[in-house]
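Subject: Handing over a structure

Dear colleague,

I am passing this structure on to you, with the sequence and the model placed just below. After them come my notes on what was found, written for someone who has not looked at it before.

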Amino acid sequence: MTQELNNTVLTTLPSNIARPAYHRDDLSPGILHIGVGNFHRAHQAVYLNRLFDTGESLDWAIIGAGLKPYDAAMRDRLAPQDWLTTVVELAPEGLNALVCGAMIDFLEVDPAQLVERLCQPDIRIVSLTITEGGYFVDPNTGGFDAAHPEILADLHRPDAPKTVFGALVSALLKRRNSSLAPFTVMSCDNLPENGHIARQAVAGFARALSNEAGDWVEENVAFPSGMVDCITPATGDRERQLVRETFGLADAAPVVCEPFRQWVLEDNFPTGRPALEKVGVEFVEDVAPYELMKLRILNGGHAAIAYPGALLGHHFVHDAMADPLIQAYLKRLEKQEILPTVPQIPGVSFEAYLDTVMERFSNPAVGDTIPRLCLDGSNRQPKFILPAIQDRLDRSLSITGLALETALWCRYCLGRDEQGNTHVIEDESADLLHAWARSVFEGDPELSTLPELFGTLATHEAFLRAFRHAVERIRANGVAATLKSYVDGTFSAAAPDQKATA
């Protein structure tokens, strides 16, 4: 028998689903979360659910909010089920499910209502998952893009904002005028220095209104940085059917995710916070080393397997990891070139972290895909791979494996795999990348460098030699043979006088 998920069925859930150990009527709000997507419900909401199960911090429940059409769609799905979510953890040995009740309300998609709720004293933290691209970062300067049309529209009508940052600044200034302490802004998006990026956006919008408002935000509002991690695939009919057939629940918006979660937070919450350290959140003075560990080892590892995986015809990440050549390439690259670029963190073993990462990548239950890892390479490579290359070059260290990864990305950008099957380059710079790949692999000198992506590396002779050598090996021998030569140590370094183009 299938039950519709809502408050009334919490006491009749089957034994194979964990249910809240607390009474949801005992919860009161403390956090307003903007951007109620799958990752938030698999990560932050689950940590709070665990905490509420202990009877702690019951005044820190979540109110959902958002300003986009997809936020309204999510609200429509969750409203009939009293904001409950079924979270299914895809462990290799089987499925684990829980019903998460940490969110107790979800505002209508209405900027005025959002600003009004943000002005209430019970809201002490505003958390965000608005995607990496939602912070209005100027691609040329890296600063806040105050000239973006959506921002300009809000600046012309600051009392009726339609963007997240217009709403946050409007509410913060209203709280200031009412002598109410500002809420803490906590980004939970998966981007480096997310607290700094959130500060830049909020203070940047405020400063565009007036220097005085910008100064006040920078001096009075806290923006803790955090490192977040939990692989969370998209939800579709397959996932809804899984929950219905396996657990007997009709959930319009279930979440599936891996069983691994990590959350490292800067402990900077002037108006208080839930006691999340009691359920596994790590509070530290400086998140940056943990961010770098994840960016280089995990995200860099994803990049390393993405392009050879695609070129050799793998669709799922776990299938790529089951390919002995790809797994061996990843392990050698990580241990020889990536791990040494990450500063040591007391009490953290990078070798153990790498083992965990490889286990996660190999989990067939998650069903993560190689095409997903290949997305947006022009944005990901400069974050996950190129800084490691620069670090090693600055120390006169070998970049053989990292240059090979870059050459494999370039080969992928030709738009066909080793068998000649075509694939779409899902990237905002797809045309540029395709032209670059053709110039490199087909000998057209028209586009031999990409300084807009590679920065100073585009003219760095040592990088260019290593990159060109990797390209020549791939072109002459194919991807599999090139990976094998790297793994067995016969992938020789480029000759010092070798012509360099990239």
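**Helix contacts**

The crossing of helix 17 and helix 20 is right-handed. Please keep in mind from the start that this is a predicted model. Helix 17 covers residues 400–412 and helix 20 covers residues 461–477, and their axes come within 8 Å of each other while crossing at roughly 55 degrees. That angle makes helix 17 oblique to helix 20, because angles from 35 up to 65 degrees fall outside both the roughly parallel and the roughly perpendicular ranges. On the side of helix 17 the contact is made by Ala403, Leu404, Thr406, Ala407, Leu408, Cys410 and Arg411, which meet Phe463, Ala466, Phe467, Ala470, Val471 and Ile474 in helix 20. Sorted by class, the residues of this contact comprise 11 nonpolar, 1 polar and 1 charged.

A second helix pair is formed by helix 12 (residues 324–338) and helix 21 (residues 479–487), whose axes come within 9 Å and cross at roughly 45 degrees. Helix 12 and helix 21 are therefore oblique to each other, and their crossing is left-handed. Helix 12 contributes Leu325, Ile326, Ala328, Tyr329, Arg332, Leu333, Gln336 and Glu337 to the contact, while helix 21 contributes Ala480, Leu483, Lys484, Tyr486 and Val487. In this contact of helix 12 with helix 21, the classes are 9 nonpolar, 1 polar and 3 charged residues.

**The sheet of three strands**

Turning to the strands, there is an open sheet of 3 strands in the order 10-13-14, and its pairing is mixed. Strand 10 (226–229) and strand 14 (282–284) stand at the edges and have a single partner strand each, so one side of each is left without a neighbour in the sheet. On average, and with direction ignored, neighbouring strands of this sheet are turned by 15 degrees against each other. Strand 10 pairs with strand 13, which spans residues 262–266, in the antiparallel sense over 4 bridges, and within this pairing Asp229 has Gln262 of strand 13 as its bridge partner. Helix 10 (residues 288–311) packs on the sheet, where it touches strand 10, strand 13 and strand 14, and the direction of helix 10 makes about 35 degrees with that of strand 10.

**The sheet of four strands**

Another open sheet is formed by 4 strands in the order 2-6-5-12, again with mixed pairing. Its edge strands are strand 2 (17–18) and strand 12 (255–257), each of which pairs on one side only. Strand 5 (residues 85–91) and strand 6 (residues 94–100) pair in the antiparallel sense over 7 bridges, and Val87 stands opposite Leu98 in strand 6. Helix 2 lies across strand 5 and strand 6, and runs at about 75 degrees to strand 6.

**Aromatic pairs**

Over the whole structure, a search finds 15 aromatic pairs. One of them joins Tyr47 and Trp263, whose ring centres are 5.5 Å apart and whose planes stand at 50 degrees, so the pair is tilted. This pair links distant parts of the chain, since Tyr47 belongs to helix 2 (residues 44–53) and Trp263 to strand 13, with their positions 216 residues apart.

With best wishes

Terms used. Residues numbered from 1 in each chain as written. Predicted model: local features only at pLDDT ≥ 70, side-chain atom pairs only at ≥ 80, totals over all residues. Heavy atoms only, no water. Pairing = 2+ DSSP bridges. Helix = DSSP H or I, 4+ residues; strand = E, 2+ residues; numbered from the N terminus. Axes fitted to C-alpha atoms, helices over the stretch in contact; angles between N-to-C directions. Contact = heavy atoms within 4.5 Å. Parallel < 35°, antiparallel > 145°, perpendicular 65-115°, else oblique. Left-handed = near helix turned anticlockwise from the far one by under 90°. Nonpolar A, V, L, I, M, F, W, Y, C, P; charged D, E, K, R; others polar. Phe/Tyr/Trp six-rings, centres within 6.5 Å; stacked < 30°, edge-to-face > 60°.
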